[in-house]
Amino acid sequence: AAPAPRISVVGTGYLGATHAAAMAELGFEVVGVDVDPAKVEALSAGKVPFYEPGLPELLVRGVESGRLRFTTDLAEAAAFADVHFVCVGTPQQPGSNGADLRYVEAAFEGLAQHLTKDALLVGKSTVPVGTAALMAERVRSIVPADGPRVELAWNPEFLREGKAVQDTLAPDRVVVGGASPWGEELLRRVYAKPLATGTPFIATDLPTAELVKVSANAFLATKISFINAISQVCDKAGADVTVLADALGHDVRIGRQFLNAGLGFGGGCLPKDIRALMHRAGELDANWLVSLMQDVDEINMWQRQRVVDMAVEACGGSVLNRRVGVLGAAFKPDTDDVRDSPALNVAAALHLRGAQVVVFDPEAGETGKRSFPALGFGTSTEEAVQGADVVLVLTEWPEFRTADPVALRALTTGATVIDARNCLPAQAWRDAGWTYRGLGVAPVQG
Ligand code: UDX
């Protein structure tokens, strides 16, 4: 049999670091490349520079086996690998909804300049549709006609933070766009393990592959904003959105996941991806999607305002000099990621209105403090709740769900809890003497 392809991973953020470690775990020789020497140094020492369950173990195994190493030198990766995965970020452009493609361009151009042997360049980053074809064009213009065989394919990544390792080792599907039979064969070898267990392999063209990823995120965001819009109706009509979502979820065509009403979506992907899609659809004059995504985005941002308003109301009309306890800073549990975090957005809005905010998060205290140095951060649930006029649960960490409402009640005066993720056992909190408020959950009558 032909020797196993050697792999490079360009960009070692959440996606790249996980992908590189997973490829080494599958038995491949892997080099990870990043422009940031600090990241390379940390990863080389087996340290993951962010919180991701299971990844440190995987990384250490890879590094210790000798199959996984990291470098800042793209030329080294170009000389080493047969398959190059481009995993760099595509952040939102400042002052626009469009995606900033400079890192993607730099990765493909840099690789193309250094290649001296046959290579398959595989884009994994989430990009506006049409980007892959542009990159293929650029690569073709750089690699000399009599040079090595260099091809491009697109292989979007669907991993979730907090579940990145399992999503990478056992993906729901493998989507490959634009690969020649040679490229497809290489990728089938790279993904041989998951494919052997029946993971669907979908081979398609470049634009379809790019769009699968973007539409998956757009659909998930739409589901969340849909249930949040319904939760507003529930509030007005005295209905309970959690019971409603459970009942809807039994319809397999709908499904229960991503129907949790609450503070809405944040993080490094969903918000910027729907905005980039809105922007790109506008350029393509595909206007229904523009207005649909605008509504999804607006509903999502409105949820944050809704929670701020609830906190102000709980404090009798003003939070000026009131103590607000905030439980949660990460954009969701099981991560220390605070990019576009709804929780910190709400905490900061209350701080701006003059509240004394103390935030606690089991993992995201440090990253939170770095992004919002003006906010107070505590080191325990008790510290955040102590003396609070109102307590807000903004990220549904298990330790908040299972906190003892009786013990916490003794620490406060105001005793209103706003459960912005509908994650607490409401009755237990009421029984402990709290005024409980959720989003779209009927207040108890009488
Ligand atoms: C998402 C996609 O799920 C993943 O497939 C893609 O590769 C990257 O973007 P991630 O950003 O890690 O992953 O988070 P996800 O678990 O999707 O949650 C996104 C946000 O939606 C979180 O802020 C979460 O709190 C919120 N959410 C999720 C809800 O508000 N309600 C829900 O029912 C589900």
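**Chat about the chain, its ligand shell and two listed sites**

Author: Of the 446 residues of the protein chain, 49% count as buried, where buried means that 20 or more other C-beta atoms, placed from the backbone, lie within 10 Å of the residue's own, while 12 or fewer make a residue exposed and anything in between partly exposed. This is a predicted model, in which local features need pLDDT of at least 70 and side-chain atom pairs count only at pLDDT 80 or more, whereas totals for chains, interfaces and linings use all residues. Residues are numbered from 1 along each chain as its sequence is written.

Reader: OK, and how many helices and strands does the protein chain have?

Author: The protein chain has 19 helices and 14 strands, taken as DSSP runs (H or I of at least four residues for helices, E of at least two for strands) and numbered from the N terminus.

Reader: Now the ligand: which residues come nearest to it?

Author: Of the 19 residues around the ligand, those that come nearest are Glu161, Asn260, Phe265, Gly267 and Cys269, and a residue counts as near if its C-beta atom, placed from the backbone, lies within 6 Å.

Reader: Which helix gives the most to that shell?

Author: Helix H10, covering residues 206–237, gives the most, with three residues.

Reader: And where does the ligand lie with respect to domain 1 and domain 2?

Author: The ligand lies between them, because domain 1 (7–202) and domain 2 (217–438) both give residues to the shell around it; the domain bounds come from an automatic or database domain assignment.

Reader: Switching topic, which residues does UniProt list for "binding site"?

Author: The unreviewed UniProt entry lists Asp34, Lys39, Thr90, Thr126, Glu161, Lys272 and Arg339. They are spread over 306 residues of sequence and also in space, up to 23.7 Å between C-alpha atoms. Such annotations may be inferred rather than shown by experiment.

Reader: Take Thr90 then, is that buried or exposed?

Author: Thr90 counts as buried, because it has 22 C-beta neighbours inside 10 Å. Thr90 is found in the loop between strand S4 (83–86) and helix H5 (102–114), and, leaving aside neighbours within four places in sequence, its contacts include Ser125, Thr126 and Val127, a contact being two C-beta atoms, placed from the backbone, within 7 Å.

Reader: What does Arg339 touch?

Author: Not counting residues up to four places away in sequence, Arg339 touches Gly267, Gly268 and Phe331. Arg339 sits in the loop between strand S9 (323–327) and helix H14 (342–352), and is partly exposed, with 19 other C-beta atoms within 10 Å.
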